[in-house]
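Welcome to a short tour of a protein assembly. Take a moment to look over the chains, and then we will walk through how some of them meet.

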Protein chains: 8
Amino acid sequence: LSFYLLNPRKNQMKAKVSIIMGSTSDLPVMEKAAKVLNDFKIPFEINALSAHRTPEQVEKFAKNAKENGIQAIIAGAGMAAHLPGVIAAMTSIPVIGVPIKASLDGMDALLSIAQMPPGIPVATVGINGAMNAGILAAQILAVGDENLQEAVIEFKEGLKEKIVKANEELSTVKYDYKTN
Amino acid sequence: LSFYLLNPRKNQMKAKVSIIMGSTSDLPVMEKAAKVLNDFKIPFEINALSAHRTPEQVEKFAKNAKENGIQAIIAGAGMAAHLPGVIAAMTSIPVIGVPIKASLDGMDALLSIAQMPPGIPVATVGINGAMNAGILAAQILAVGDENLQEAVIEFKEGLKEKIVKANEELSTVKYDYKTN
Amino acid sequence: LSFYLLNPRKNQMKAKVSIIMGSTSDLPVMEKAAKVLNDFKIPFEINALSAHRTPEQVEKFAKNAKENGIQAIIAGAGMAAHLPGVIAAMTSIPVIGVPIKASLDGMDALLSIAQMPPGIPVATVGINGAMNAGILAAQILAVGDENLQEAVIEFKEGLKEKIVKANEELSTVKYDYKTN
Amino acid sequence: LSFYLLNPRKNQMKAKVSIIMGSTSDLPVMEKAAKVLNDFKIPFEINALSAHRTPEQVEKFAKNAKENGIQAIIAGAGMAAHLPGVIAAMTSIPVIGVPIKASLDGMDALLSIAQMPPGIPVATVGINGAMNAGILAAQILAVGDENLQEAVIEFKEGLKEKIVKANEELSTVKYDYKTN
Amino acid sequence: LSFYLLNPRKNQMKAKVSIIMGSTSDLPVMEKAAKVLNDFKIPFEINALSAHRTPEQVEKFAKNAKENGIQAIIAGAGMAAHLPGVIAAMTSIPVIGVPIKASLDGMDALLSIAQMPPGIPVATVGINGAMNAGILAAQILAVGDENLQEAVIEFKEGLKEKIVKANEELSTVKYDYKTN
Amino acid sequence: LSFYLLNPRKNQMKAKVSIIMGSTSDLPVMEKAAKVLNDFKIPFEINALSAHRTPEQVEKFAKNAKENGIQAIIAGAGMAAHLPGVIAAMTSIPVIGVPIKASLDGMDALLSIAQMPPGIPVATVGINGAMNAGILAAQILAVGDENLQEAVIEFKEGLKEKIVKANEELSTVKYDYKTN
Amino acid sequence: LSFYLLNPRKNQMKAKVSIIMGSTSDLPVMEKAAKVLNDFKIPFEINALSAHRTPEQVEKFAKNAKENGIQAIIAGAGMAAHLPGVIAAMTSIPVIGVPIKASLDGMDALLSIAQMPPGIPVATVGINGAMNAGILAAQILAVGDENLQEAVIEFKEGLKEKIVKANEELSTVKYDYKTN
Amino acid sequence: LSFYLLNPRKNQMKAKVSIIMGSTSDLPVMEKAAKVLNDFKIPFEINALSAHRTPEQVEKFAKNAKENGIQAIIAGAGMAAHLPGVIAAMTSIPVIGVPIKASLDGMDALLSIAQMPPGIPVATVGINGAMNAGILAAQILAVGDENLQEAVIEFKEGLKEKIVKANEELSTVKYDYKTN
């Protein structure tokens, strides 16, 4: 109930970003993308799809994404990590790929997502970099949205505060020959 | 006792797939292959053999596998991981190699198994991918077995359920701007 | 002269995409991005900037990009490859990073571009993947541009022709037991 | 003309193995698989399909392969190399993946093909290992075909001759202290 | 209070070495550099700066370092690890880079720091090698400081004691056929 | 006391193999070499030496090893791992190098030990492979020692027992379709 | 003759930087360090020394370097690349290591030089990065030398010209939709 | 004819070292081992054997090596590189493995040879390091042979001459500020 009080228009919202993962075991990583989008007040959906287990659903999703109002897709995958590339092959919407660390420190997923053949790009972020995927989606949507553009700029400004706080903490580190 | 009730023909069964490992420390990984074969009701045997410690037993096993009725061999090994390749050198039966993560994240085993010289292929699956080795063995046996073919198709269908369940779980994830 | 006949509005064009590289030695790779943008009729500019040699120019460029009408930035770099990340730190516009193969097969550049810290994403494409960077820029601009959206869809359709042609060539490969 | 004299039944042949590649640039590697199949007198077809450029054709091919009489599929791909895995997701026939060396010495393709998620195995051979892919396909088909089984055994015997010839060549290497 | 008794001149000290890190999470690694400098009685400062979050502060710091009396800068960073290189681009003071293990075992940071383009060196130490960074800073300052030179020589002599102690411990290891 | 009862000639023993390590933190790995030598009743010594901290001691040790009766040297080292190569440069005795896993999964140590320049070989074993280093030392000493030769052959025979035991354990693994 | 006209004080010069390499095959790489030092008018010497072939000469060189007036040492090495670390172990002067690409794309040398144990730093530059080694040596010497400090600042300014020239070249690249 | 004049006892010589390779394509690398052994006047034989193509011959060779007078075996192999390990499994004679660069820069062969399981060591040298394999064989044989010991010491002395010659060449490199 309280949920709807917080955002009463939720029923009418249409998702602009779609977060896709292959299994709920990827949720702890991918949720960081959700959190960022939520902070930017960008309506989004989360779905589980698998390039290998439900190829038809992937196809259906990808081919209808644009007309469903989706403007950017965030897809996370580990190991052979085909999901982002397979979706990118079936849509003209920008696809952001998140390599998930499931084996080989995530190196296999990074290569499987980034090394796409000419014609089908996937915008790859760092290993387990779902937060950055969310920010990148916001930046893409902001291309045609002045308000969101402002929010992104503000967000980037906010990053500085973390450093200010870090410096405060570092000032408590004491050594005889430390001068600050 | 109850065991034989479940599968009364066990005594007369002849193994069609042979699972080989170099040490019982590989069992937690390799047992996933056993479980898959069991689910497909494919008779199999499990043995410990070492390319380096018992080369004569490996030779004896490999050379007699075909006339013993074996149709596919699954061999797991870590580190220098010679076992699958050494077996493949001595039989015409397809050998499936499972690189086991024992050092270097399993990268050494993956290369030692996959990078076989021309003439002696090993069908390599992913690192610790014994479940997939079992499925691949079933797919190979299914080439000449319509019933098994059906079972494999059914199994692949079953993979979709995991995604359905994942989506159900994801529907419980709540954010103000999450639309589904 | 003939140039202006082809595109008489060139003088009034304002670049929407900015292609940045650190040295003209990167031009053979980065020109593929230029070609794609040109094919999509997206006005673009090409500049040489170096995160290390001209940091002030990089800063000036990045901070003014948005008000200069730039909607996406494509930055190529090899080795330590800081350029895309340094630009991304100073703008809210999406930055696409192209790892250039200059040493270690391009692995150093891929990691230096993709592994950005939380807060500052770079949309990384594959090693030497400047063509894909161009396409990705087009996809991003197309989010708010129906005509460009159409062009992207058409472009993706066109990729199929390459396969059709490949199949024609493969039909000329002759073996006794080749059936097609 | 002479072609049909060599194999007059060619017109009635139905392919049992399907060789798939994403581009004709992969032909010099993949042709080694064709040559092996031809030597084994196994009817085969060669087609160009792309997981990313022609996903519908891949789907159509994979889903109909079994009823078209295909018993094993050999798919070669470089870089992100999704083709073998995408095909494997849509068929119960064994899929043999050939990582093609197009970037990063083929390491990206090896990982993208081998590191498949549980449920969808790809039988991976070594980098550029198309000859071994052809032999593996023959070994798989031989599971239910005594004649082919014999041919595989004979082929493996034949490998020894190369060593015999190598020894003859080595006997011509002369050093004062070489004893043989 | 007791602090000032230990080093009463602290108030007048001007830092000669500046330790920079991007976040307090790097402190456990970077503190080893602080400890070494303190042991060498070299005045130093510690600050948090981020190449990506506070580029202006990085610029201000780097450009004023020399006139502020800084003679060497130690900068630690993980992942894409641009901080040392970005600082090095804006100062003529030697910059020592410490690759911090945050992902991929620190390999990404090592490459991002070491593989700098011609013109802008970063003196790279090993992964998490902050202690060595402190020693290297001392060696650099010692070039024009005989007393510090002596202290460095003494420090290197002191390293031998660890081996002497190790040998004492090893003498307690007992085996029948151990002779010492 | 009881120690000397077990091996009363200990006092007169002269070490034939020397085990060297850079720090007692390597002892848990290197002790496996000691145990093997002890089992083979080969007199050995264990010392801590560092290529970097005590180069003079390393030199003194290496140059006198032969006349002190040492016939093989086992040197373990991690990270840059110069110790085995530095010793090998100063003696004609075979040096066996053990790469110790201290960072990067031991890959740095493996390369630093194995990739020696022409003229100065180090007999490298696997990462943390001190047991194998001990066996290799025994094999080298056995070249001129028939009794030790016999012991090595016996030892290799003993390796088979581990497999026999493994098979016994595997026989307790129960599945409906397991045939053995 | 003309040589002495250019620098008549050459006879009285004492080297301040020492460039060391293990073989003349490294000269094409290492000469870039020489050229930089020459441009900075820093007297230097070049010698061939090998950690493995002439350990005594390395020791003699390293131990006397300081009293011979050397203030920084640049050592290049490939493969196991022990030379920089072995020198660093025997002097308190800063040692700059240049990993030379001789095998494995220079990765082995990079790790063997950078991953030094605590206590003995080597200031590592990029693979084949001898030019940067020369600049770093100049930066180190400039710590106590205002004139050299000025020269380094001037050198860094000069790097910008390369970018200005690159931009001029890029202005000649013509596309219909290129705006600059 | 002249051959026998050089070494008239050739007919009666029995090989003490056996060089094994899998194919004559490895001869250019492996011949460096032959040359070293010849220079040391150690009788040797060269044979082609394949762990995968002629496993029976490998077994026969390995099991009879000792009684045939072989005291050390040098085995070169590329890719999956099982040959050295498979031989080592069947003999108590020290086996020296030479990883041959045939793919992945030789990294696959290095790992497949070095990462042997406990019990079966292979003395691994660097990638393509056949010369070092020959020297190591000489060092092993020298354990019980004073004359050979002397020859090895002399050989190591000879390595210094290369450095002397390098220094002579470096003295011809001219720069204004070069002091030597």
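What rotation superposes chain C on chain A? In this predicted model, a rotation of 180 degrees does it, with 0.0 Å of shift along its axis and an RMSD of 0.0 Å. The two copies are thus related as by a two-fold rotation axis. Both copies also use the same surface, for 100% of the contact residues of chain C recur in chain A.

**Where chain C meets chain A**

Let us start with the extent of this contact. Chain C brings 38 residues to it, and chain A brings 38 residues as well. Together the two chains bury about 3100 Å², and carbon and sulfur atoms account for 62% of that area. Three residues stand out on the chain C side: S92(C), P121(C) and V143(C) supply 18% of the area that chain C buries against chain A, more than any other three residues.

Now for the polar side of the story. Two salt bridges cross between chain C and chain A. In one of them, the side chain of E146(C) meets that of K66(A), at 3.9 Å from N to O. There are also 21 residue pairs in polar contact between these chains, counting pairs with both residues at pLDDT 80 or more.

Which elements of chain C supply at least two residues each to the side that touches chain A? They are helix 5 (107-114), strand 5 (123-124), helix 6 (130-142) and helix 7 (146-170) of chain C. Helix 7 of chain C gives the largest share, seven residues. Sorted by class, this side of chain C holds 25 nonpolar, 10 polar and three charged residues.

**Where chain H meets chain F**

Our next stop is another pair of chains. Here 38 residues of chain H are in contact with 38 residues of chain F. The area buried between chain H and chain F is about 3100 Å², with 62% of it from carbon and sulfur atoms. On the chain H side, S92(H), P121(H) and V143(H) lose the most area to chain F, and together they make up 18% of what that side buries.

Chain H and chain F are linked by two salt bridges, and 19 residue pairs are in polar contact between them, both residues being at pLDDT 80 or more. The elements of chain H that give two or more residues to this side are helix 5 (107-114), strand 5 (123-124), helix 6 (130-142) and helix 7 (146-170). Helix 7 of chain H provides the largest share, with seven residues. By class, the side of chain H that touches chain F has 25 nonpolar, 10 polar and three charged residues.

Here is one salt bridge from each of the two interfaces, side by side.

| Acidic partner | Basic partner | Distance, N to O |
|---|---|---|
| E146(C) | K66(A) | 3.9 Å |
| E146(F) | K66(H) | 3.8 Å |

**A closer look at one serine**

Finally, let us visit chain D. Where does S23(D) lie? Its place is the loop between strand 1 (17-21) and helix 2 (27-39) of chain D. Is S23(D) buried or exposed? Its relative accessible area is 15%, under the 20% cut-off, so S23(D) counts as buried. The side chain of S23(D) also makes a polar contact of 2.6 Å with the side chain of S25(D).

Terms used
Residues numbered from 1 in each chain as written. Chains lettered and ligands numbered in written order. Predicted model: local features only at pLDDT ≥ 70, side-chain atom pairs only at ≥ 80, totals over all residues. Heavy atoms only, no water. Contact = heavy atoms within 4.5 Å. Buried area = accessible area lost by both parts, 1.4 Å probe. Salt bridge = Lys/Arg side-chain N within 4 Å of Asp/Glu carboxyl O. Polar contact = N/O pair within 3.5 Å; in protein donor to acceptor, adjacent residues only side chain to side chain. Helix = DSSP H or I, 4+ residues; strand = E, 2+ residues; numbered from the N terminus. Nonpolar A, V, L, I, M, F, W, Y, C, P; charged D, E, K, R; others polar. Least-squares fit on C-alpha atoms with pLDDT ≥ 70 in both. Buried < 20%, exposed > 50% of the residue type's maximum accessible area, 1.4 Å probe, protein only.
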